[in-house]
Amino acid sequence: MRSHLLNDLTAEHYRRSVTEGVERVAAKLATTERPFTGVTVDALTPRIDAIDLDQPLHDTTAVLDELEDVYLRDAVYFHHPRYLAHLNCPVVIPAVLGEAVLSAVNSSLDTWDQSAGGTLIERKLIEWTTARIGLGEAADGVFTSGGTQSNLQALLLAREEAKPGPGGREEAAGLAGLRIFASEVSHFSVKKSAKLLGLGQDAVVAIPVDHDKRMQTVALAHELERCRRDGLIPMAVVATAGTTDFGSIDPLPEIAELCEQYGTWMHVDAAYGCGLLASLKYRDRIDGIERADSVTVDYHKSFFQPVSSSAVLVRDASTLRHATYHAEYLNPRRMVTERIPNQVDKSLQTTRRFDALKLWMTLRTMGADGIGELFDEVCELAQEGWQLLAADPRYDVVVEPSLSTLVFRYIPAAVTDPAEIDRANLYARKALFASGDAVVAGTKVGGRHYLKFTLLNPETTTADVSAVLDLIAGHAEQYLGESLDRAS
Ligand SMILES: *Cc1c(COP(=O)(O)O)cnc(C)c1O
């Protein structure tokens, strides 16, 4: 069994195994005709159930053959130009190379003595990101597993900074008196974080959005004032720079003003919109982000990085101390005075992947402009898609895109019952998924079912967008036709 351990003796076995795996995936990528095969849960479950994990195959080729059957053949492929559903991007090759290197070397980024250069590379990328944001000289941050964790950590810091001092009516209210303000279309991880942080049921105040799905700052000002008047503490405002559903960007400068006025922590959730940090044309859409106290970025959404690759950034490095614990075995206090860089001092995680390497390889190979150019392309594709939709009488489209998302609904002229239109849209999404011809997402707007394209693939063309709209209309019409037959 030792032949399976990766070491000096097995370097050749490693090379052959990984090459064989890479060949399989490469062949798959070259021949995938649809983003999905349309396989059903019922069809796939018995194939996986039939495998006895206590009966190993011992042979790489046999294991890869089996993997073909249980996974590769029927996976959902994000690189396909007709995958238009969630915030998943096709990945760039330098990052995939980085992934192969980082898992083989297997550094753990919690301490210097488990990573050495990895720690310094991560730190340099954090510095690079904070400089792109414009957070200033005292900024810092750390890589995380994703936007959910970044938001949680940012709100932990905000909570610790906002905790009421002794005495006064705020202290009496305790954690229950803390309030977070986020738009009604902010990410659900804000609410989840509030729960994990022990805040009260009413901790997250939903601020209404305007017609473009951007936070209404007049309403925010009103809620902040009310919070103060009620003797509660405005712990944080979460501004979303790229909402998950619409790609809308909250008015960051106005929100920054209000945060300053009320002494409130400003967190910018740029999990999606962070791609604009590299943009050659549209960087100004996130102007004001430099005034944040903390920022969430998901490189695995708009920097074309494989999952996971994310970070939380802070204006004031000292606030990261709220996540610091010293363990004798790992990162004893004396190491701080010895100036040994232990990233665990800043992280919610302990053992942690060297995900930063993927971004490093990407920037060293393509440069930030290379990433920005790709992201600009998908933003422009969304703009063209919006024009298509706006001119198409079959569809109602919600907002002009600020990033690369389109939310729309099939609205047949002959049908007036909104519930029936809901069912037609739901059916079309399902039927499309089952056909595997394209994958689209869905969401609710004003209580009604809508469909969604999240365009993150520069290989997707307006012709693809147009073709998928025809497919959707075809499925919806088929549903409505059958529905008429059922009624008669
Ligand atoms: C995707 C997303 C998140 C969550 O990020 P994960 O990486 O999926 O954990 C948070 N906020 C916004 C706005 C997002 O789009």
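**A helix, a ligand site and a loop**

Aspartate 417 caps the N-terminal end of helix α15, with a side-chain oxygen 3.1 Å from the backbone nitrogen of alanine 419. This description concerns a predicted model. The helix that begins here, α15, covers residues 418-435, 18 residues in number. From its first C-alpha to its last, α15 reaches 26 Å, which is close to the 26 Å expected at 1.5 Å a residue. Just after α15, glycine 436 takes a positive phi of about 75°.

The next matter is how α15 sits within the protein. Several of its residues are buried, including Glu420, Ile421, Asp422, Ala424 and Asn425. Further along the sequence of α15, Ala428, Ala431, Leu432 and Ser435 are buried as well. Against which elements do the buried residues of α15 pack? Their partners are two strands, β9 (405-410) and β11 (448-454), together with the helix α16 (462-487).

Attention now turns to the ligand. There are 15 residues around the ligand, and those that come nearest are Gly147, Thr148, Asp269, Asp298 and Lys301. For three of these residues, the distance from a side-chain N or O atom to an oxygen atom of the ligand can be stated. For threonine 148 this distance is 2.6 Å, for aspartate 298 it is 2.7 Å, and for lysine 301 it is 3.0 Å. The ligand has 380 Å² of accessible area on its own, and the protein covers 85% of that area.

Which helices each supply at least two residues of the shell around the ligand? They are α6 (147-162) and α11 (299-302). The largest share, three residues, comes from α6. Sorted by class, the shell contains 10 polar residues, three charged residues and two nonpolar residues.

A final stop is leucine 280, which lies in the loop between the strands β5 (265-270) and β6 (294-298). Is leucine 280 buried, exposed or partly exposed? Its relative accessibility is 48%, and therefore leucine 280 counts as partly exposed, since the label applies between 20% and 50%. Leucine 280 touches Asp369, Glu373 and Asp376, when residues up to four places away in sequence are not counted. A separate comparison concerns arginine 333, which is 53 residues from leucine 280 in sequence. In space, leucine 280 and arginine 333 are 44 Å apart, C-alpha to C-alpha.

Key: Residues are numbered from 1 along each chain as its sequence is written. This is a predicted model: local features need pLDDT of at least 70, side-chain atom pairs count only at pLDDT 80 or more; totals for chains, interfaces and linings use all residues. Side-chain values use heavy atoms; hydrogens and water are left out. A residue is near a molecule or strand if one of its heavy atoms lies within 4 Å of it. A polar contact is a pair of N or O atoms within 3.5 Å; within protein, one must be able to donate a hydrogen and the other to accept it, and residues adjacent in sequence count only if both atoms are side-chain atoms. Accessible areas come from the Shrake-Rupley method with a 1.4 Å probe; for residues, only the protein chains shown count as cover. Helices (H or I, at least four residues) and strands (E, at least two) are DSSP runs, numbered from the N terminus. Ala, Val, Leu, Ile, Met, Phe, Trp, Tyr, Cys and Pro count as nonpolar, Asp, Glu, Lys and Arg as charged, and the others, Gly among them, as polar. The expected span of a helix is 1.5 Å times one less than its number of residues. Buried means under 20% relative accessible area, exposed over 50%, partly exposed in between (1.4 Å probe, protein chains only). Contact means heavy atoms within 4.5 Å.
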